[in-house]
Amino acid sequence: GAVVLLARGGSYTIPSAYTFDKSVSIMSGLGFGNPATLALSNNFDATGNIDSLNFSDLTIANGGGSSYFMNIGHVTVIGKVNIENCTTEGVFNNSFIRLKQAGAEITNLNINNCIIDSFGIAAKYAVIYANASSSALIDNIEIDNSTFYSFYYFIRQDGITGTSLNINNCTFNDMINNSGYFINYSGTFPAAFNITHTIFGSTI
């Protein structure tokens, strides 16, 4: 349940992969000026049972060598991943969030008021991706008031069916490179699947 406050305008280098094993909130402190920057040289990971991971009011930058924001390679169940008021910076070859380990699960993924760009084109990966022999799962996805551009495709979940996927008040542009999909569930789509008040721009 720790809260990590970063000084606005500061840049914080994450030199190697870091694995969360408990709840934490990382955010810029109060004040004026630009948000704090997380400069990733590698990705975040997670293990064990975690109630929540929260990222708020941050710039998430490729600090040199990172291909993901989160690349989960351990068995974990995370109740909530909340990403709010965040902007990415730089080119990430792979996914924004990927689950690659059998038994990895995010029960609720919430993205709100974010600008996320330049993910997955080099490796042909989705922005949000769960693949582990049909046993990695992002169960409920809620995306609101956000912009995504320059990406290969948006959501891919292999061999599973989540409970819900809701996209509202978003903009997508420069997407679906090289015959990729916008949303790809190789099982069946979630029963609750809604896209509302959303703009789709050009494809590449």
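Strands here are DSSP runs of at least two E residues, numbered from the N terminus. In this predicted model, that numbering puts D158 in the loop that links β16 (153–157) to β17 (164–168). Despite its loop position, D158 is buried, because its relative accessible area is 15% and the cut-off for buried is under 20%. The side chain of D158 also pairs up with that of R156, through a polar contact of 2.8 Å. Once neighbours within four places in sequence are set aside, D158 still touches Y129, A130, N131, S134 and S186.

Zooming out, the chain is built with 21 strands and zero helices. Its radius of gyration is 16 Å, close to the 17 Å that the globule rule gives for 204 residues, so the chain is as compact as a globular protein of that length. Along the principal axes, the C-alpha atoms fit in a box of roughly 45 × 40 × 30 Å. Contacts reach a long way along the sequence: of those between residues at least 6 apart, 80% join residues at least 24 apart. Half-and-half is a fair way to put the burial, with buried residues making up 50% of the 204. As for the surface, the chain exposes about 8600 Å², and carbon and sulfur atoms supply 49% of that area.

Next comes the interior. In soluble globular proteins, nonpolar side chains tend to be buried together. Here the largest nonpolar core has 56 residues, and the ones with the most contacts inside it are F55, F69, I83, F96, I111, I128 and F154. Strand β7 (residues 48–62) gives this core its largest share, five residues. I83 offers a good view of the packing: leaving out neighbours within four places in sequence, I83 is in contact with F55, F69, F96, I97, N110, I111, N112 and C114.

That last partner leads on to the cysteines. With a disulfide taken as a pair of cysteine sulfur atoms within 2.5 Å, the count comes to zero. For C86, the nearest cysteine sulfur belongs to C114 and sits 4.9 Å away, leaving C86 in no disulfide. C170 is likewise in no disulfide, and the nearest cysteine sulfur to C170 is again that of C114, at 9.5 Å. Both sites are tucked away from solvent: C86 counts as buried at 3% relative accessibility, and C170 is buried with a relative accessible area of 3%.

Notes: Residues are numbered from 1 along each chain as its sequence is written. This is a predicted model: local features need pLDDT of at least 70, side-chain atom pairs count only at pLDDT 80 or more; totals for chains, interfaces and linings use all residues. Side-chain values use heavy atoms; hydrogens and water are left out. Helices (H or I, at least four residues) and strands (E, at least two) are DSSP runs, numbered from the N terminus. Buried means under 20% relative accessible area, exposed over 50%, partly exposed in between (1.4 Å probe, protein chains only). A polar contact is a pair of N or O atoms within 3.5 Å; within protein, one must be able to donate a hydrogen and the other to accept it, and residues adjacent in sequence count only if both atoms are side-chain atoms. Contact means heavy atoms within 4.5 Å. The radius of gyration is taken over C-alpha atoms; the globule rule is 2.2 Å times the number of residues to the power 0.38. Accessible areas come from the Shrake-Rupley method with a 1.4 Å probe; for residues, only the protein chains shown count as cover. A nonpolar core is a set of buried Ala, Val, Leu, Ile, Met, Phe, Trp, Tyr and Cys residues joined through side-chain atoms within 4.5 Å.
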